[in-house]
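Student: Please take me through the salt bridges and helix packing in this structure. I would like one connected account, starting from a single residue.

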Amino acid sequence: MINIRNILRLIASTKLFFYECFWLMILLIVGTVAQKYEGLFETQKTYFFSYYFLKWHIPFPGGGLIILLMSIGLMARLILDFNFKKNKLGIHLVHLGSLFLLLGSMFSHLNSIEGSLILKEGEQKNTITDYKEFELTILDDQSTPFLSIDIKNNEVVSNKLGINNSKIISNCELVKKSSELKNEIGFAKLFDFKKSSSESGITCLEFKYNNNVYRIFNDMPKLQSLVIDGKEYTLKLQNKSVTLPFSVKLNDFQKEFHPDTLISKSFKSLVTISDGKLNTNYTIQMNLPLRYKGFTFYQSSFSENSNGESSELAVVKNSGELIPYISTIIITLGLLIHLFYNGFNKLRE
Amino acid sequence: MKILILLITFILNMAYADFKFDQFSKIQILHEGRVKPIDTVARLKLKNYYGKDVFNNTIAIEWFAELLFNPKSAYSKEIFKIKNPDIINILNLNSSKKYVSFIELYQTFDKKKDFIDNILKTPENELDLTNKEIKDLYNNFLDYLNLSRSFSFLHQEFNGSSVFDLTGKKLDQSALKYIELFKEDSNLPTLKFINNDGIWFSPWELFLKDKNKLNTWDQLYLSYYNKDIMPKISTNNKIEAEIIFNKFKLDNYSLAFYLISFLIIIAYFFSDKNALRKIANSSLILGTIIHIIFISFRSYILNRAPVSNLYESIVFVSLISSIIGLLYENKKQNGHGTFIGSTLGSILLLLSFGHINSNDSMSMVVAVLDTNFWLITHVITISIGYGATLVASMLAHIILIKKEFKLIKNLHGLLIFSLLFVIVGTMLGGIWADQSWGRFWGWDPKENGALLVSLWLLFIVHGKISGIFNQILFAIASAFSSVIVILAWFGVNLLNVGLHSYGFSSGTAYSILALSAVEIVLLTALYFRNKLLM
């Protein structure tokens, strides 16, 4: 007979948490050092977000799995022991706050949009460029987008053209081919793709269309062409465009340095948000972001060239944004209570 | 606190008011983004060239006045420190001297013009260490030259007259030629000395614009030349405070008291005389008070909370360790708290001296780090956490070495305290990141470091309550926390990656490795020794 209480005890066991902490620390150290060689985003995907990863052909638990196990463990622990006794209340609050934080992080990870918006002075846009997600864009001879296909879970999503058998590789390396296959088209005849062991800045996509193999990468100097129903189109692999329900215009970018130095004092973007018939002016500057309709705009960077100044804003939409704030309050409260009812007792002896 | 600082400034000013370059020190200069007294710049420059802020019993401000007003005399002073003996051979300098004069460098660099040109054209990361030091020496030489010519219009080199005196008068050919020669100096880059209604000018810039605005400087020059009393300079409280701060290097005094406390408490452990413990503790208290005043002065002068760069964080954690040590001693009265406080206070304060960038401990910080509520609360909380963890680690060492396992409960209590501040500090860091950049957690090295310390503390505490760690293992793991904190605090900077990178330093890398190795060996030995005795 399955004793639920015993199962919960097993999942909630402190010893299990102890080993989870230990493994998470190993992951942190390995993953942080790897960042120097493989780049921030790649190592995040490999070590911190994954459920498992392979090293020397052996599967190891990834950060995602550990966090999931910790969440289940915290839930089990709360179900088993929650009470309001003074000497345990602090701990329960800490566990509750932590559970909330972990669940919130999983929610944000799956649902948030993070991208950038680069505007020249005087320019207006209503789309932002996603930092991480890519899309395959097919352009007609006037360079107008004919079709944009999302890329999710490392492959192109199902589409009306029938592009399939796809694979996207970030941190990619081009490998010159020594021979070519009959069904390889254009660039695919000359180069193969391989995962690079260091940060390459290149993302590659390989796919099949009408049984022919195509290979493209982002920022290709010469775009690969694709023939659909006798008409020629060009292919572009670029970061995904996300449309905003309003548009943003940069009126002026102002930068201030500490007098007589190149140390930045403040960077400001004066923008106008056009939403339907409403036009409102806002200022975005370092440490003072703009929050509008669930989107938050941060002053991230800027650039200057002969045409003028451009402001780069970081844009985030995260409906789980408040969760860490609430968790922090609950955890702080819990730790304070625990310190007063347990910690100081131990120090007094 | 502000009133206390002003009071101290006032008292010390009264006591030392009788000093020759007193007024001159107060002149305000715009240097590297901050308005500061000329006294600070003088000390900085002298430290850059010579290595110390005193030259052969001449204080920095006096040396600087000579450089500005009487460069001919200054040029022959042996002020430039040759750090590397190889430089002597490469540049064919007089090999018996560690310090060279401006004149000697001028002649040397003139002969080696092509060599210097090549060094200047080579990118920084391709220079080897010696060539890099030659480049630094050359840059110091140029800096010195520019400063020496800042007030050349005042130098009385033409029949007892200067360009200042001659301008605006009817002149003969030779006088006009003399003036033309000096006009070259107006193009040299130099400090913005003079504030004229809100805009800062270099001396020559203002001279060419409106020479009458320089009358105060003409008076200063003449009183320097005639060895007279200098005219009174307008000043404000912050300037006065900074001059006092420069003069009474409070961090040195604080360190001295911490070291005295350390030595006396060691004596107490060998002799068991309670009087020694009390004296050691008093010394620690005095050092702590001076340390607090030191940080308060900085805060007042810079107008921001003193936690904006690595140097300031080390100074702050040093103070926290000392305070927690004192509080623990107050409870237990057995000398352990004093020992921990004085040891950590001394080591960290000493460490801070090596982390001052380019001799300027009061530099401006970039926009994103400037005055932000969440930044300040995050850094203060996590610094308290790191300080408390270091104290706990030292207590664990004491428990293991003296085999006093009855103190385990105290250690556990201290760890709960550390846990609170480290975890809340880490989360406040996330909140700051969310407020400033839009994401609560980015898995970047500094964030991962803080998370590592948090996890380590959770790991120890859960190890104990689950029974996996017996008392010995609990103490060993707690003792090892010092390595974890150092890794998180300093180690992450070595990776040079992400938003928080500060750059690699091989000195730091070797020190961290050395500390880790020593701790591993020591703790392994202590483990087996304690295990055998249980």
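**Salt bridges and helix packing**

Tutor: B:Glu404 has a relative accessible area of 18%, which is under the 20% cut-off, so this residue counts as buried. The model is a predicted one. B:Glu404 forms a salt bridge with B:Lys402, and the closest N and O atoms of the pair are 3.7 Å apart. The partner is less covered by this classification: B:Lys402 is partly exposed, because its relative accessible area is 42%.

The stretch just before takes us to helix packing. Helix α19 of chain B covers residues 373-402, and its axis comes within 8 Å of the axis of helix α22 of chain B, residues 471-489. The two axes cross at roughly 145°, and the crossing of α19(B) and α22(B) is left-handed. On the α19(B) side, the residues that meet the other helix are B:Tyr386, B:Thr389, B:Leu390, B:Ser393, B:Ala396, B:His397 and B:Leu400. Their counterparts in α22(B) include B:Ile472, B:Ala475, B:Ile476, B:Ala479, B:Ser482, B:Val485 and B:Trp489. Sorted by class, this contact has 11 nonpolar and 6 polar residues, and no charged ones. A general point helps in reading such lists: an α-helix has 3.6 residues a turn, so residues three or four places apart point the same way.

Back to salt bridges. Over all chains, the count comes to 37. In chain B, B:Lys45 pairs with B:Asp143, with the closest N and O atoms 3.0 Å apart. This pair links distant parts of the chain, since B:Lys45 sits in helix α3 (residues 38-50) and B:Asp143 in helix α9 (residues 129-148), 98 residues apart. Here the lysine is the buried member: B:Lys45 has 9% relative accessibility and therefore counts as buried. B:Asp143, at 23%, is partly exposed because that value is above the 20% limit for buried residues.

Chain A has a salt bridge between strands. A:Glu173 and A:Lys194 form it, with 3.6 Å between the closest N and O atoms. A:Glu173 belongs to strand β8 (residues 172-176) and A:Lys194 to strand β9 (residues 191-195), so the bridge ties together parts that are 21 residues apart in sequence. Both ends are partly exposed: A:Glu173 has a relative accessible area of 30%, and A:Lys194 has 43% relative accessibility. Chain A also holds a salt-bridge network that links A:Lys177, A:Glu184, A:Asp192, A:Glu206 and A:Arg215.

Two other helices of chain B concern burial. Helix α14(B), residues 237-247, is mostly covered, with 8 of its 11 residues buried. Among them are B:Ile239, B:Glu240, B:Glu242, B:Phe245 and B:Asn246. The N-terminal end of α14(B) is capped by B:Asn236, which has a side-chain oxygen 3.1 Å from the backbone nitrogen of B:Lys238.

In helix α7 (residues 102-111) of chain B lies B:Phe102. With 4% relative accessibility, B:Phe102 is under the 20% cut-off and so counts as buried. Leaving aside residues up to four places away in sequence, B:Phe102 touches B:Tyr75, B:Lys77, B:Phe80, B:Phe141, B:Tyr144 and B:Leu145. For a sense of scale, the C-alpha atoms of B:Phe102 and B:Met394 are separated by 50 Å, with their positions 292 residues apart along the chain.

Terms used:
Residues are numbered from 1 along each chain as its sequence is written. Chains are lettered from A and ligands numbered from 1 in the order in which they are written. This is a predicted model: local features need pLDDT of at least 70, side-chain atom pairs count only at pLDDT 80 or more; totals for chains, interfaces and linings use all residues. Side-chain values use heavy atoms; hydrogens and water are left out. Buried means under 20% relative accessible area, exposed over 50%, partly exposed in between (1.4 Å probe, protein chains only). Helices (H or I, at least four residues) and strands (E, at least two) are DSSP runs, numbered from the N terminus. A polar contact is a pair of N or O atoms within 3.5 Å; within protein, one must be able to donate a hydrogen and the other to accept it, and residues adjacent in sequence count only if both atoms are side-chain atoms. Contact means heavy atoms within 4.5 Å. Axes are lines fitted to C-alpha atoms, for helices over the stretch in contact, and angles run from 0 to 180 degrees between N-to-C directions. A crossing is left-handed if the near helix is turned anticlockwise from the far one by less than a right angle, and right-handed if clockwise. Ala, Val, Leu, Ile, Met, Phe, Trp, Tyr, Cys and Pro count as nonpolar, Asp, Glu, Lys and Arg as charged, and the others, Gly among them, as polar. A salt bridge is a side-chain nitrogen of Lys or Arg within 4 Å of a carboxyl oxygen of Asp or Glu.
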